[in-house]
Amino acid sequence: MVEEKEITVNVKKYDKEKGEYWKSYKVQADRYTQMTEVLRKIKTEQDPTLSYRASCHMAVCGSCSMKINGEPRLACKTMAFTAINEKNEVNLESMDYYQEVRDLIPDMDTFYDRMYKVEPRLYADQTVISGENDERMTPSEQKEVWKFEECIWCGLCVSACPSVKEDEKFLGPAAHAKGYRFMADGRDTKKEERIGILMDSAWRCTSCYMCYEVCPQDVQPVIAIKKTKAYVDEFPGTTELITMARKHDSTIAESIGESGKIKESKLYLKTFGYVAAMKDMMYMMKEGKIKYAMAKDTDVKNMDEIKKIMGDKK
Amino acid sequence: MEKKEYDAVVLGGGLAGLMAANNVADAGFKVAVVSKVFPTRSHSAAAEGGIAAYVDGNSDPNDDPEFMSYDEVKGGDYLVDQNAAELLSRDSGEIVHILDTWGAPFNRQPDGRIALRYFGGQTYPRTRFVADKTGMALLHTLFQHATGFDNIDFYNEYYVLDIVKDGNNVNGLVAMEMKTMDPIFLKSRALLIASGGLGMIYQHTTNSYINTGDGYGIALRSGVPLKDPEFVQFHPTGLYPSDILISEAARAEGGILKNNKGERFMAKYAPHKFDLAPRDIVSRSMTIEMREGRGFEGGYLGLDLTHLGREYILERLTLAYDAAKTFANVDATKEMIPVRPAQHYFMGGIDVDITGVNSDLNGLFAAGEAACVSVHGANRLGSNSLLETLVYGKETGKTMVDFLKKHKNVESSDGVDTIVDNAYSYIKRETGEHFGTLLNELRDVMWENVGIFRDEKKLTEAVKQINSIRKRSINMYVTDKTTNYNTEVFNALETRNMIDCSIVMATAALNRTETRGAHFRDDYPTRDDDNWMKHSIAYLNGDAVEIKYKPVIVTKWKPEPRVY
């Protein structure tokens, strides 16, 4: 038989009357025990009041998102033996960012609202719906769409995202993956509108890669955001941020065209302007970091090669 | 109590419910979709391998919808209503077209058409797929499409208590908002039960934790019968020991089952179809191998994919590979995946005809696993559950539209308070038994005595024990008295539903003295068409299970021996 051992599960419980408090449970587990099974054991054998969400226990439904030892994870995709520390203990808490409802159950409405904002559905051509035209899709296009459609709406990326917390105009990683998935789908007829919905928000991502780290499906929302940003020239009109984004993009092309490199100080000045740069310089001086801004950059020697590569680009 | 009025209420946010809701809403009616989980958490998401379909111009040139129907009839061991199987095959191509226009990201052939592969029991390859997460991809497609309608209201994380009746007519249902524990009366003249299956009744199941037979429970309590409740599918390849599903796609793509001697034992039991024989046959063969000492220690067999090559496995069987890696610590590109049979699907369900109508209660419809249209008979073929949810979800949606045009909502609100009082009785009680004790006992009894191999002794014992659990459940009580997201209350109510389903299943299994499809009786090991080519229709009247019969509808195919 498989060897069992006793583990201690510390759960941060919460209800309206008692507020937050920690409670510990001892559970027998083996190397095949999933954390969802640990929770089910506690609930059916020890503490029926313990509250959590769980459904498929195979990482396709996205119900059991929580913090396990401080990390945003799916409980079903976390094995008890890999979660415990050297004292055989594991800590469970409700996800960050979302409002607590009960124990390990957060209120996910703000996550769903973000998803609905990107109009997450295909608007096919009428002639395809009627069957007059046969819409085909290459295997590589399908791969690109499926990559970002694999999102299971678990909410872990939004809970881990620092930009979501700071910037209420940012749609968040999952919604961007969803939005881009339809942009990439040749069967869809609303690409322009989608660029309109997504573009300003996309530039609010700081590319910190937290979403990439925590996604249990390897959806890589930050990559969807980067791919969306590449359509900045197709955005109708502009916003303050998009004006900056366009300057950012053209300066990068210009800088590489001239020197073969992205010259950070030049990029900074052209993107944010002199006033913002002056303010930041003052700050840098105060903190003793101005030397980094003054660092000398040398150009790439073989510029002909660079020009060949950049030739087709603007 | 809050009251909201709709034309139709759909219980369940999985594929069948959403398909019907899309259709009813498209006709302009006001629909409420009620689900105890956010719809994308529904068990439809767990379907892996694919959806079977005959698509004109994109199928094997020798294939024909007729062959597809025949495969279903034979696969279901002649308990299939043949007109239902014919409709399933006929409309399968249209369903794939609709899904395509709604954005389903099916895998493609090099020329851009939708790709297809073989599945168990198919004469020609018909299964369309999205990697091996087809259910998840289609569920998201349908849900996302449904969120585009202004006349569909979603009641997510609302738990259904019971059906409200006005005489013999549907008058909606009472549900409880889980977050606030506030009851709500959702009034409507049409109710679709599409709440999925009941796997949690069994100790070993591939099903989600949420599959607790709620729809069957509320139907039985409203005097509505279950059809063929003795037929339960056990899937051959549950991952050992967590019972996570390893898709049939693994065998469809060339995976081979092996015993502890390294033998491909299916050659012995199904000399033509081998590992791709229907699931009931493979599960039984595996159990025999293990019984006769050819299993591995702990009780499992091997599923060998290693000869398929790493690249192929990673592209076509991602989920199987990931599941084996994450949950059993096995690298399927290098070693065999440990598997054993586990409960997977309930062929029985709420008795409805080919249009989704139940004839016991006016205005009641059912679709998907919650229903028994009799399209799967005694054993469902792989790739047909997704197809059924969509074809019959759509068909039932059409029927509901016709019904809604002809009828009006009634005025009364009778019976609503009693339903809430009944549910509260578990909260009000201060002593008694916990749901967990009863539930764990129930799951043991069902697995041991109403499982893959059955006989009179086991089933008589099961009926006795379930009756005793059912008596004790009257004194079930809830320790948690708080009023926000009190899951213990819902677990107790789920347990009530599971116990009601179990007594009906065990009694019907004891009653059917033959072997047919997934219902295998050691004491009656052969099919008995003279006496048993008929559907069981099981009612729950108080403590008594009453079984009536309906004939099987035969259009073309006379019963013949089932050899694979």
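I'll start at Met68(B), which sits in helix 2 of chain B, residues 65–75. Before going further: this is a predicted model. Met68(B) has 27 other C-beta atoms within 10 Å; the cut-off for buried is 20 or more, so Met68(B) is buried. Setting aside neighbours within four places in sequence, Met68(B) contacts Tyr54(B), Ser89(B) and Arg126(B). For a distance across the chain, take Ile350(B): 282 residues separate it from Met68(B) in sequence, and the two C-alpha atoms are 25 Å apart.

Now chain B as a whole. Chain B has 17 helices and 22 strands. Its radius of gyration is 22 Å, and the globule rule gives 24 Å for 564 residues; the two are close, so chain B is as compact as a globular protein of that length. The C-alpha trace spans about 65 × 50 × 50 Å along its principal axes. Of the 564 residues in chain B, 64% are buried. As for contacts in chain B between residues at least 6 apart in sequence, 75% of them join residues at least 24 apart.

On to domains. In chain B, domain 1 covers 235–341 and domain 2 covers 416–529. Their centres, taken over C-alpha atoms, are separated by 31 Å. How many residues of domain 1 of chain B are in contact with domain 2 of chain B? Five, and they meet five residues of domain 2. On the domain 1 side, helix 9 of chain B, residues 279–291, gives the largest share, with four residues. By class, that side has one nonpolar, two polar and two charged residues.

Next, helix 14 of chain B. This helix has 15 residues, which at 1.5 Å a residue should span 21 Å; the end C-alpha atoms are 21 Å apart, so the two agree. Which residues of helix 14 of chain B are buried? They are Phe435(B), Gly436(B), Leu438(B), Leu439(B), Leu442(B), Arg443(B), Val445(B), Met446(B) and Asn449(B). As a reminder, an α-helix has 3.6 residues a turn, so residues three or four places apart point the same way. The cover over these buried residues includes helix 15 (456–473) and helix 16 of chain B, together with helix 1 (35–46) of chain A.

That brings in the contact between the chains. Chain B gives 51 residues to it and chain A gives 45 residues. On the chain B side, the elements that give two or more residues are helix 4 (92–101), helix 5 (134–146), helix 11 (318–328), helix 14 (435–449) and helix 16 (487–511). Helix 5 of chain B supplies the largest share of that side, five residues. By class, the chain B side divides into 21 nonpolar, 22 polar and eight charged residues.

Last, chain A. Chain A is divided into domain 1 (4–105), domain 2 (109–234) and domain 3 (240–310). The C-alpha centres of domain 1 and domain 3 of chain A are 47 Å apart. One residue to look at is Lys226(A), in helix 11 of chain A, residues 221–229. Why does Lys226(A) count as partly exposed? It has 15 other C-beta atoms within 10 Å, and 20 or more would make it buried while 12 or fewer would make it exposed, so Lys226(A) falls in between. From Lys226(A) to Tyr116(A) is 110 residues along the chain, with 21 Å between their C-alpha atoms.

Technical notes
Residues numbered from 1 in each chain as written. Chains lettered and ligands numbered in written order. Predicted model: local features only at pLDDT ≥ 70, side-chain atom pairs only at ≥ 80, totals over all residues. Contact = placed C-beta atoms within 7 Å. Nonpolar A, V, L, I, M, F, W, Y, C, P; charged D, E, K, R; others polar. Domains from an automatic or database assignment. Rg over C-alpha atoms; globule rule 2.2 N^0.38 Å. Expected span 1.5 Å × (residues − 1).
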